[in-house]
Amino acid sequence: MTTNQDDDLHIVRNRTFDQIAIGDSASITRTLSMDDIALFAVMSGDDNPQHLDAEFAASSRYQGVIAHGMWGAALISAVLGTRLPGAGTVYTGQTLRFLQPVRVGDTLAISVTVTALDPRSRHVTLACRCVNQHGAVVLDGEAQVIAPAEQIERQRATLPEVRLHNGDGTRRLLEHARTLGPIKVAVIHPCDELSLSGALDAHAAGLITPVLVAPRARLEAVALEAGLSLAGIAIEDVEHSHAAAARGAELAGKGEVEALMKGSLHTDELMSAVLAASAGLRTKRRISHCFLMQTPAYPRPFIITDAAINIAPNLAMKADIVRNAIDLAHVIGVAQPRVAILAAVETVNADMPATLDAAALCKMADRGQITGAILDGPLAFDNAVSIAAATVKGIVSEVAGRADILLVPDLESGNMLAKQLEYMGDADSAGIVLGAKIPVILTSRADSRASRIASCAIAVMLANHYRSTPP
């Protein structure tokens, strides 16, 4: 008799010793994800970098992250405990041979087959195998168990949802930024509780010395209602949001502040002031926005650009957007970032302008027009972030599956991607505008406190970099 993972979805049923015959088998299938590896590492305490550090693993004999060997053994245990013999089974012995590595994205069929029975002790011997999607045996062995004597039938337990979130990159970002000391920041029109508290939180964290540029009476009313103290905080009293943006840009142009921070005004209102010729903040680069993100599903922080400023950039604009993102990657410590130029497909298609732009940008990098990074594209999103997906499609690339920067085709796709990762992928995010003489902290009203503080931390690092290397 053979069972499979689709049987008894809601009820756990076992087989007693008397119901088992030689040749009986059972199986389940599982696909390995990075969450599986991380959860096993947390549970076992085995944080071998071969399993958790993509950069280290890439230089190992396996050329990539692989599962802990005992993850496969745990799946064998799952078949024995839930399928054959099932509930009430007692493990007495297990031999294992680890034949091939299991990689992220591999799908294993885990099966056990009865090979011997001992009626006197109710001992059952089972051959165990784990076979990957290519038909290769990655793990085999033999298990000895004591089968249950009584029939058990129970409702399946509802397993808790486990979400793993490694905030180490964000923590290290904040720790490094604090060592640089606070920078003076003009906070433009923070006339609601979220934006005002965000500026004051960054001040309390030792990242910024805020100058609040807004109507004083309105600021004080917001602070009073929210229970926030403005004691010791500089205020530039202006009439309205438009005047606040102009005054903030003026302060930055004169070097009286080192960064600007968006408050409760529209992005285009602030950026119009930054781009005004009178402010003197423009450079030869086009201004663009970068999201720095970290998600539990990906082993390193990464940049998404541009998802907030340039609506439908052409090739020349994309070149500057890439250059700005590369600069940010260098500042946060990525010496040679990998840039994935995203499109819907990974082949050049004359009817899809994003693929043509991707090919042109790669050629510009080959000719030295874009430097400081490795570019590849077009790449579909799955190929950019998943080594397994790239391998399945036969893509050989230094970027595929390891991207540090994701260049999106346009603002709409980038904004949707970033928001999906944040709200459905449990990602941390920070936002910053580059291409001007000073960084602009561009936060959203929906941004969390952590996101606002992380954005300020990036601004601190950029401002310190601009002191020695003006943009």
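1. In this predicted model, a polar atom of the S60 side chain lies 2.7 Å from the backbone oxygen of A57. S60 itself sits in the loop that runs between α3 (54–58) and α4 (69–82). Its relative accessibility is 15%, so S60 counts as buried, the cut-off being under 20% relative accessible area.

2. A second loop residue concerns A403, placed between α13 (387–392) and β17 (405–407). The relative accessible area of A403 is 1%, and A403 is therefore buried. Leaving aside residues up to four places away in sequence, A403 touches Y298, R300, F302, R338, A340 and A384. Measured against A116 the picture is one of separation: A403 and A116 stand 287 residues apart in sequence, and their C-alpha atoms are 51 Å apart in space.

3. Helix α6 covers residues 193–204, which gives 12 residues. At 1.5 Å a residue, a span of 16 Å is expected, and the end C-alpha atoms are indeed 16 Å apart, so the two values agree. Just after α6, G206 adopts a positive phi of about 80 degrees.

4. Which residues of α6 are buried? They are S195, L196, S197, G198, A199, L200 and A202. The buried residues of α6 pack against two helices and three strands by name: α7 (216–226) and α15 (449–468), together with β9 (183–188), β10 (208–214) and β12 (259–262). As general background, an α-helix has 3.6 residues a turn, so residues three or four places apart point the same way.

5. At the level of the whole chain, the secondary structure comes to 15 helices and 19 strands. Of the 471 residues, 48% are buried. Along the principal axes, the C-alpha atoms fill a box of roughly 90 × 55 × 40 Å.

6. Contacts in the chain can be sorted by sequence separation. Where the two residues are at least 6 apart in sequence, 70% of the contacts join residues at least 24 apart.

7. The surface and the charges complete the note. The chain exposes about 22,000 Å², and carbon and sulfur atoms supply 52% of that area. The chain carries 40 positive and 50 negative charges, and the mean positions of these two sets are 3 Å apart.

How values were computed:
Residues are numbered from 1 along each chain as its sequence is written. Side-chain values use heavy atoms; hydrogens and water are left out. Helices (H or I, at least four residues) and strands (E, at least two) are DSSP runs, numbered from the N terminus. Buried means under 20% relative accessible area, exposed over 50%, partly exposed in between (1.4 Å probe, protein chains only). A polar contact is a pair of N or O atoms within 3.5 Å; within protein, one must be able to donate a hydrogen and the other to accept it, and residues adjacent in sequence count only if both atoms are side-chain atoms. Contact means heavy atoms within 4.5 Å. Accessible areas come from the Shrake-Rupley method with a 1.4 Å probe; for residues, only the protein chains shown count as cover. Lys and Arg count as positive and Asp and Glu as negative; His and the chain ends are not counted. The place of a charge is taken as NZ of Lys, CZ of Arg, CG of Asp or CD of Glu. The expected span of a helix is 1.5 Å times one less than its number of residues.
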